[in-house]
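Reader: I'd like to go through this one with you residue by residue. Could you put it up so we can talk it over?

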Amino acid sequence: MKDRYILAFETSCDETSVAVLKNDDQLLSNVIASQIESHKRFGGVVPEVASRHHVEVITACIEEALEEAGITEADVTAVAVTYGPGLVGALLVGLAAAKAFAWAHGLPLIPVNHMAGHLMAAQSVPLEFPLLALLVSGGHTELVYVSEAGDYKIVGETRDDAVGEAYDKVGRVMGLTYPAGREIDQLAHQGDDIYDFPRAMIKEDNLEFSFSGLKSAFINLHHNAQQKGESLSNADLSASFQAAVLDILMAKTKKALEKYPVKTLVVAGGVAANQGLRERLASEITDVKVIIPPLRLCGDNAGMIAYASVSEWNKENFAGWDLNAKPSLAFEGIE
């Protein structure tokens with residue numbers, strides 16, 4: 001049987017990425033052009049700046065991805081692209097590039113949900129369905145039930161801030177460099193959990209998350225200390241903040257596993273790189289198989305979009321040239 005090569009595009013936020021997937025599971029290339037240095041001075045992602053950077057580098061990323069994969073444009077079988085959720089301007093750059101490539105070479109266009117990409121990044125090892133996924137990133141915190149590849153249903157999500165967003169805002173208050181998640185994780189391992197931050201909704205019998213109260217409590221504590229001229233330890237603050245976050249994530253994940261009996265738990269998204277979260281999962285989730293994508297596939301990248309596109313290819317779920325960006329795209333929910 002002839003080999004299939006999917007060229008995948010990811011431009012939902014501040015990484016421009018193009019990848020090549022051979023058949024179902026051979027990731028031949030995964031080129032990522034990060035914009036972190038450009039956004040650091042603003043303390044967060046500026047949408048207009050992100051869009052312009054995507055335009056500047058996407059053609060070079062395509063060329064590099066094909067070269068690294070050892071194939072030519074003529075070898076590509078299909079084109080996959082993130083069409084949401086994400087920043088609308090950033091998404092449109094990737095869509096324009098993917099459509100242009102697909103149209104020029106007469107190839108089918110595969111639409112991919114960005115969050116499905118995070119989830120299916122775990123496909124670097126064989127997945128057993130049905131499974132439950134905890135998706136934790138800068139823009140999302142949700143529990144997803146996956147009955148089979150390509151069938152995603154949200155069973156719980158945040159009512160307000162995403163966990164990664166809370167990390168970045170707390171990091172900004174402490175004067176840490178954006179993105180702050182990794183540094184807070186490192187500081188948390190050096191400090192002590194001495195501040196009693198709230199763990200919202202942790203005892204409620206639902207699968208919803210809330211981090212805005214925790215974020216506000218942190219900011220208020222820090223602000224009050226500044227007004228009094230007191231000096232607080234960033235290590236202790238980080239330890240207490242991260243302990244609260246992880247208590248919430250673990251409590252809700254355990255409740256979900258009770259409600260939806262599965263053999264596999266996938267934990268994915270940028271926050272899945274958090275060492276503290278990985279330690280808690282290893283020590284507390286022992287009756288199901290926990291799969292976390294490799295570190296290089298936890299952040300935004302086109303490799304994960306390529307993996308997620310396989311089930312859409314198998315279902316012949318192809319898009320027309322009128323495919324548009326959907327910045328608020330979401331999985332279906334369970335009533």
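Reader: Leaving aside neighbours within four places in sequence, which residues is L249 in contact with?

Author: This is a predicted model, where local features need pLDDT of at least 70, side-chain atom pairs count only at pLDDT 80 or more, and totals for chains, interfaces and linings use all residues. Residues are numbered from 1 along each chain as its sequence is written, and side-chain values use heavy atoms, with hydrogens and water left out. Taking contact as heavy atoms within 4.5 Å, the partners of L249 are L134, V136, T141, V163, F209, F211 and L277.

Reader: Which element gives the largest share of the largest nonpolar core?

Author: A nonpolar core here is a set of buried Ala, Val, Leu, Ile, Met, Phe, Trp, Tyr and Cys residues joined through side-chain atoms within 4.5 Å; buried means under 20% relative accessible area, exposed over 50%, and partly exposed in between, with a 1.4 Å probe and protein chains only. The largest one has 44 residues, and L132, F211, F241, V245 and L249 touch the most other members. Elements are DSSP runs numbered from the N terminus, with helices (H or I) of at least four residues and strands (E) of at least two. Several give two or more residues, including β6 (131-136), α7 (212-228) and α8 (234-259), and the largest share, 11 residues, comes from α8.

Reader: And how many residues are in the second, separate core?

Author: Its members include A19, A121, L131 and A268. The count for that second core is 34 residues.

Reader: Which side chain does the H54 side chain make a polar contact with?

Author: H54 is in helix α2 (residues 47-69), and it counts as buried because its relative accessibility is 0%. A polar contact is a pair of N or O atoms within 3.5 Å; within protein, one must be able to donate a hydrogen and the other to accept it, and residues adjacent in sequence count only if both atoms are side-chain atoms. At 2.6 Å, the partner is the side chain of T16.

Reader: What is omega for the cis peptide bond from G84 to P85?

Author: P85 is in the loop between β4 (78-84) and α3 (88-105). The bond from G84 is cis, with omega near -10 degrees.

Reader: Is E316 buried or exposed?

Author: E316 lies in the loop between α10 (302-314) and β11 (332-333). Though not a glycine, E316 has a positive phi of about 55 degrees. Because its relative accessibility is 63%, E316 counts as exposed.
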